[in-house]
Amino acid sequence: METMTVERTIDAPIEDVFTWLTTTTHYTASPLVLRCRLARHGEAAPYGVGAVRSHLWLIGWFRERITRYDPPYATEYVVERSVPPSRHELGRMTFTETDGGTLVRWTTRAEIPLPLLGAPLTRLLARPVITRTFGNILDAAEKALAG
């Protein structure tokens, strides 16, 4: 498994940053994300625990389920299905108030499930693409929320 983390401080209040980034239909503001939809509402909030999201990115399709929702500080998810296939242990965003706005830390732990080649392909191919996509989504959030 490969752990991938992208961090960014966004000059906006924590509640605004949390709301924008947990409402994944906003991700289409990134050029690397083609479509996002909420397939099932969560228990206490649309994007809360139990919510199911469907994402089509340039790198593939992902069906995710929210496993933790703690506004405005954290959300976690797991990829239940994907094309191409992936093994996924964790997706997490944490939000921390700072002097410069809100520090977002986006972490995922995944790998391409291929014998012998999975680990190197994940490290050399998937890692840079995933971290770039996360970075582009954070760029879009920063642009959307800039005062």
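**Exercises on a predicted chain**

**Exercise 1.** The side chain of Thr24 makes a polar contact with the side chain of His55 at 3.2 Å; work out where Thr24 sits and whether it is buried or exposed.

*Solution.* Before you start, note that this is a predicted model: local features need pLDDT of at least 70, side-chain atom pairs count only at pLDDT 80 or more, and totals for chains, interfaces and linings use all residues. Residues are numbered from 1 along each chain as its sequence is written, and side-chain values use heavy atoms, with hydrogens and water left out.

- Step 1: find Thr24 in the loop between helix H1 (14-22) and strand E2 (33-40). Helices (H or I, at least four residues) and strands (E, at least two) are DSSP runs numbered from the N terminus.
- Step 2: check its cover. Thr24 has 0% relative accessibility, so it counts as buried (under 20%; exposed is over 50%, partly exposed in between, with a 1.4 Å probe and protein chains only).
- Step 3: list what it touches (heavy atoms within 4.5 Å). Not counting residues up to four places away in sequence, Thr24 touches Cys36, Tyr47, Arg53 and His55.
- Step 4: go back to His55. The 3.2 Å pair fits the rule for a polar contact: N or O atoms within 3.5 Å, one able to donate a hydrogen and the other to accept it, with sequence-adjacent residues counting only if both atoms are side-chain atoms.

**Exercise 2.** Which residues share a salt-bridge network with Glu76, and what surrounds Glu76?

*Solution.*

- Step 1: place Glu76 in strand E5 (residues 74-83). At 14% relative accessibility, Glu76 counts as buried.
- Step 2: look at its side chain, which makes a polar contact with that of Arg92 (2.8 Å).
- Step 3: widen the view. Beyond four places in sequence, Glu76 is in contact with Arg65, Ile66, Thr67, Arg68, Leu90, Gly91 and Arg92.
- Step 4: add the pair Asp70 and Arg68, whose side chains form a salt bridge at 3.6 Å, N to O (a Lys or Arg side-chain nitrogen within 4 Å of an Asp or Glu carboxyl oxygen). Bridges with shared partners join Arg68, Asp70, Glu76 and Arg92 into one network.

**Exercise 3.** Show how the salt bridge of Glu7 with Arg105 spans the sequence.

*Solution.*

- Step 1: take the distance. The closest N and O atoms of Glu7 and Arg105 are 2.4 Å apart.
- Step 2: place the ends. Glu7 is in strand E1 (residues 2-10) and Arg105 in strand E7; they are 98 residues apart, so this bridge links distant parts of the chain.
- Step 3: check exposure. Glu7, at 39%, and Arg105, at 41%, are both partly exposed.
- Step 4: put the pair in context. The chain has a count of twelve salt bridges, including Arg65 with Glu80 at 2.6 Å.

**Exercise 4.** How many helices and strands does the chain have, and how does its radius of gyration fit the globule rule?

*Solution.*

- Step 1: count two helices and seven strands, read along the sequence as β-α-β-β-β-β-β-β-α.
- Step 2: compare sizes. The radius of gyration is 15 Å, close to the 15 Å that the globule rule gives for 147 residues, so the chain is as compact as a globular protein of that length. The radius is taken over C-alpha atoms, and the rule is 2.2 Å times the number of residues to the power 0.38.
- Step 3: finish with cover: 46% of the 147 residues count as buried. Leu138 in helix H2 is buried at 0%, and contacts Val6, Arg8, Ile10, Leu21, Val104 and Trp106 beyond four places in sequence.
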